[in-house]
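Open the model in your viewer and keep the sequence panel beside it. The stops below say what to select and what is there.

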Amino acid sequence: MTVILCGLGGCLPPKIIDNQQISSGLDTTPEWIESRTGIRERRMVSDGLSMLDLAIKAGARALASAEGRAVQAVVVATTSPERICPAVAPEVASVLGLGDIAAYDITSACSGFVYGLATASGLIAAGIADSVLLIGAEAFTTFVNPQDRATRPIFGDGAGAVVLRRGEVDEAGALGCFDLGSDGAHSDLLAIPAGGSRQRSASAGLGHEAVAPGEFYLHMDGRAVYEQAVARMSTSAQSVLDRSHWSLDQVDWFVGHQANVRILQSVAFELGLPADKVAVNIQRLGNTLTASIPLLLNDLALRGDLKAGQRVLVSAFGAGLSWGSTVLRWPQLTTRNSEWQD
């Protein structure tokens, strides 16, 4: 028994923000942003649209792609929840009409989708569910300081989803082994300092005005994150290749988390993968955190670049620090455009 990817969907908010709009009011230029990140534009929630709305639409499209397969659990990976409490997954399940099934959120930042794949695989392996809807959904632009040129240009909003089912090892769509890791000693490299129990305890009775407004936004040590991301993703990806007995020549696509084009290029160099096997869509979507990998898979499949039977290496890195990798052989499936209105 193994786990098969049998459905795929994505959703992007309609609002497009280009580098010219981002650089206005910041000490930067559109050219500087693109040269440093590879990003030209990104999507942003607006007018009350939230990550829940994106998650619901991406989930519905993944279920349609799976030809209406019944699922027994919903897992939502997100770093930008609707509320601190409760989890959003039960609401997603309710709106989608899935009944009183198991539903919960996981938080592992940008590596959350890979962690979600492992979590969903565990539910299936344990016999708790025959099929699982996994969604990565983010409205993280709401957590980025609009005055911070180091973080504001990087992030975009969106959601991607897959349906996973029980199956046989030799089927197309089969997931392989996983490599997951973390290093909490470096948790401050990517963090939102305020809003949690530590800050609330420290400022009890003082109110939020006792905390600098910037503490409620993401803080990032860009250079250190870059170095950690390249090292961790390279080692993790090589580990799953070795354990899967895949050679580099057998890899058709490297689908890495879309954080920064330089990180992707450096990881490919460390692995010895040619540039034409590195999948990229960061130039138009930015870093969509947990949504980046399923949105990229959806783009590749929709364009016909990702074909049934091809071998895919997946790897991600995020705050925590956390990282993870897996492999799969791509199935034959249909999908739809990720636009809000397609």
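Select Cys11 to begin: in this predicted model, Cys11 counts as buried because its relative accessibility is 0%, and the cut-off for buried is under 20%. Cys11 sits in strand β1, residues 2-11. Now show what surrounds Cys11. Setting aside neighbours within four places in sequence, the contacts of Cys11 are Leu54, Lys57, Ala58, Arg61, Gly158, Ala159, Leu295, Ser338 and Trp340. For a sense of scale, draw a distance from Cys11 to Ser239, which is 228 residues away along the chain: their C-alpha atoms are separated by 32 Å.

Next, select residues 73-77, which make up strand β4. Is β4 enclosed or not? Five of its five residues are buried, so β4 is largely enclosed by the rest of the structure. Turn the view to see both faces of β4: Ala73, Val75 and Ala77 are on one side, Val74 and Val76 are on the other, and all are buried. Add residues 102-106, strand β5, which pairs with β4 in the parallel sense over five bridges. One place to look is Ala73, whose bridge partner in β5 is Ala102.

Now colour the domains. Domain 1 covers 1-165, and domain 2 covers 172-184 + 215-328. Their C-alpha centres lie 16 Å apart. Domain 1 puts 53 residues into the contact and domain 2 puts in 43 residues.

With the domains coloured, find the largest nonpolar core, which has 36 residues. Which of its residues touch the most other members? They are Leu164, Val255 and Trp330. Helix α5, residues 112-125, gives the most to this core, with seven residues. The core lies between domain 1 and domain 2, because both give residues to it. Apart from neighbours within four places in sequence, Val255 is in contact with Ala279, Ile293, Leu296, Leu297, Leu300, Val312, Leu313, Val314 and Ser315. A second, separate core has 33 residues, among them Phe155, Phe254, Ala268 and Leu271.

Move on to a sheet. Select four strands, which form an open sheet in the order β8-β13-β12-β11 with mixed pairing. At the edges are β8 (175-182) and β11 (253-256), each pairing on one side only. On average, neighbouring strands of this sheet are turned by 15 degrees against each other, direction ignored. Look at β8 beside β13, residues 322-329: the two run antiparallel and are joined by six bridges. Within this pair, Phe178 has Thr326 of β13 as its bridge partner.

Keep the sheet on screen and add residues 292-303, helix α10. This helix lies across β11 and β12 (311-318), and it runs at about 145 degrees to β11.

Finish with two ranges taken from a record. In an unreviewed entry, UniProt lists residues 104-184 as "domain: Beta-ketoacyl-[acyl-carrier-protein] synthase III N-terminal". That span is 17% helix and 36% strand, and its end C-alpha atoms lie 23 Å apart. The UniProt annotation "domain: Beta-ketoacyl-[acyl-carrier-protein] synthase III C-terminal", also from an unreviewed entry, covers residues 241-330. Over residues 241-330 the chain is 34% helix and 22% strand, with 16 Å between the end C-alpha atoms.

Methods: Residues numbered from 1 in each chain as written. Predicted model: local features only at pLDDT ≥ 70, side-chain atom pairs only at ≥ 80, totals over all residues. Heavy atoms only, no water. Pairing = 2+ DSSP bridges. Axes fitted to C-alpha atoms, helices over the stretch in contact; angles between N-to-C directions. Contact = heavy atoms within 4.5 Å. Buried < 20%, exposed > 50% of the residue type's maximum accessible area, 1.4 Å probe, protein only. Core = buried A, V, L, I, M, F, W, Y, C linked by side-chain atoms within 4.5 Å. Domains from an automatic or database assignment. UniProt positions renumbered as here; feature names shortened; annotations may be inferred.
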